[in-house]
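Good morning, and thank you for making time for this item. Please keep the sequence and the structure in view while I speak.

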Amino acid sequence: MALGLCGAAVTAALAVPSAQAAAGGHGDAAPGWTLTGTGTDARFRGLAAVGRDAAWVAGSGGTVLRTDDGGRHWLDVSPAAADGLEFRDIEAFDRRRAVALAIGEGEASRVFRTEDAGRTWAESFRNDDSRAFYDCLTFFDSRHGLAMSDPVDGRFRMLSTSDGGRSWRVLPDAGMPAAQPGEAGFAASGQCLVSAGRGDVWLATGGAATARVLHSRDRGLNWTETAAGIPAGDPARGVFGVAFRDRTHGIAVGGDYRADQASPDAASVTGDGGRSWHRATTPPPAYRSGVAWLPHSRRSALAVGPTGTDVTRDGGRTWRTVDTGSYDTVDCAADGGCWASGEKGRVARLH
């Protein structure tokens, strides 16, 4: 089965996993993920699917890799100035242009940009506020994007670019709702901040009494907030990733990232742009950190986490586990190519 099946074909392939896939296998004969050899043990929580054959990953130890041949070969294109940094998100415009976010307190939070397929990188932002901790970034198009920080002075901080990530400025926070005590974003999959269309953006939270999804229609200036329906009430619980297939239909996933803790109600759905969220009737069986809609499908999506991959065929209401391999994030390109990445250098493509 070829990589990059679209819509119903992918759904059909994943709906009835073979015994090998159900046991966590990754052989070419089984519909599901095929691991690729990255040659590193970095943990890749940042992932950008460019197409069936092309993808970027970013992770621990300042590591950035890219492939142009479906994962047969991975080229180490790590920024020279990023040694020791923790990349948690990467957004790629194509095979040559990408923007990567390193996370951490103070100056550990940085943004790098490349225009030559990673041969050279420019550091375009370095956080100079010790109170800020940046978690995720997203782009509306090749010029306009946002990055988000955990709350500063009681509100989430938004960073904006209008030149493709070459320069950044902090947005005013007058339109941002007050943060709850202990509330933050989870830099687990590069999906705590996502966008759709020309101006809609959603911010996922956890760690507080209520897990929320905040929504802006004007590129981060004014926000509304809604309870996501995923249990919180603990620093380890909340919404870890969101995905929108358009301005109205979205899925949120999360739970409790501690391996010894259960994660009931680990997924929610919205059909009104995030004004209301409804818990999945049959959620994933455990914590999930990443989620992606299958291209050209109105109802099918994948969710991933350390204990497996789940598929939904009804817009996120019910989920079925199809693989037990460990992944932190998942992303699909417009041409149907889907990728997943995670711990110990694991990067896989859907076949």
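I shall take the pockets, then the disulfides, then one strand, and then the aromatic pairs.

Please bear in mind throughout that this is a predicted model.

Let me begin with the pockets. The largest pocket encloses about 1,000 Å³ of space. Its lining counts 40 residues, and those closest to the centre are Glu91, Ser195, Phe244, Asp331 and Cys332. Which elements give two or more residues to that lining? They are strands E2 (44-49), E6 (86-92), E10 (133-139), E14 (193-196), E18 (237-244), E22 (290-293) and E26 (329-332). In character, the lining of the largest pocket divides into 25 nonpolar, nine polar and six charged residues.

The second largest pocket has a volume of about 270 Å³. There, 18 residues form the lining, with Arg88, Phe186, Ala187, Phe240 and Tyr257 nearest the centre. This lining comprises 11 nonpolar residues, one polar and six charged.

I turn now to the disulfides, of which the count is two. Cys136 is joined to Cys192, with an S to S distance of 2.0 Å. The link of Cys136 and Cys192 is right-handed, with 115° about the S-S bond. Because Cys136 sits in strand E10 and Cys192 in the loop between strand E13 (169-170) and E14, this pair ties together parts that are 56 residues apart in sequence. Cys136 and Cys192 are both buried.

The other disulfide is formed by Cys332 and Cys338, whose sulfur atoms are 2.1 Å apart. The torsion about the S-S bond of Cys332 and Cys338 is about 110°, so this disulfide too is right-handed. Again, both cysteines, Cys332 and Cys338, are buried. Cys332 also deserves a second mention as one of the residues closest to the centre of the largest pocket. Counting bonded cysteines along the chain, the pattern is 1-2, 3-4.

Next, consider strand E23, residues 301-305. Why can E23 be called largely enclosed by the rest of the structure? Five of its five residues are buried, so the description follows. On one side of E23 lie Ala301, Ala303 and Gly305, on the other Leu302 and Val304, and both faces are covered. E23 pairs with E22 in the antiparallel sense over four bridges, and Val291 has Ala303 as its bridge partner in E23. Five bridges join E23 to strand E24 (residues 308-312), also antiparallel, with Gly305 opposite Gly308 in E24. E23 and E24 form a hairpin, with two residues between them.

Finally, the aromatic residues. The structure holds 12 aromatic pairs. One of them is Phe93 with Phe139, an edge-to-face pair at 5.0 Å centre to centre and 90° between the planes. Phe93 lies in the loop between E6 and strand E7 (98-105) and Phe139 in strand E10, so this pair ties together parts that are 46 residues apart in sequence. Phe139 is buried, with a relative accessible area of 11%.

Phe244 and Trp277 likewise form an edge-to-face pair, at 6.0 Å centre to centre and 85° between the planes. Phe244 belongs to strand E18 and Trp277 to the loop between strand E20 (267-270) and strand E21 (278-279), 33 residues apart. Phe244 and Trp277 are both buried.

One aromatic cluster is made up of Phe186, Phe240, Tyr257 and Tyr287. Of these, Phe186, Phe240 and Tyr257 are among the residues nearest the centre of the second largest pocket.

Notes:
Residues are numbered from 1 along each chain as its sequence is written. This is a predicted model: local features need pLDDT of at least 70, side-chain atom pairs count only at pLDDT 80 or more; totals for chains, interfaces and linings use all residues. Side-chain values use heavy atoms; hydrogens and water are left out. On a 1 Å grid over the protein atoms alone, a cavity is a set of points where a 1.4 Å probe fits but cannot get out, and a pocket is an open set with protein on both sides within 12 Å along at least five of seven lines; lining residues have an atom within 4 Å of a point. Grid points are joined across faces, edges and corners, and a volume is the space filled by probe spheres set on the points. Ala, Val, Leu, Ile, Met, Phe, Trp, Tyr, Cys and Pro count as nonpolar, Asp, Glu, Lys and Arg as charged, and the others, Gly among them, as polar. A disulfide is a pair of cysteine sulfur atoms within 2.5 Å. Buried means under 20% relative accessible area, exposed over 50%, partly exposed in between (1.4 Å probe, protein chains only). Two strands pair if DSSP finds at least two bridges between them. Rings of Phe, Tyr and Trp (its six-membered ring) pair if their centres lie within 6.5 Å; planes under 30 degrees apart count as stacked, over 60 as edge-to-face and the rest as tilted.
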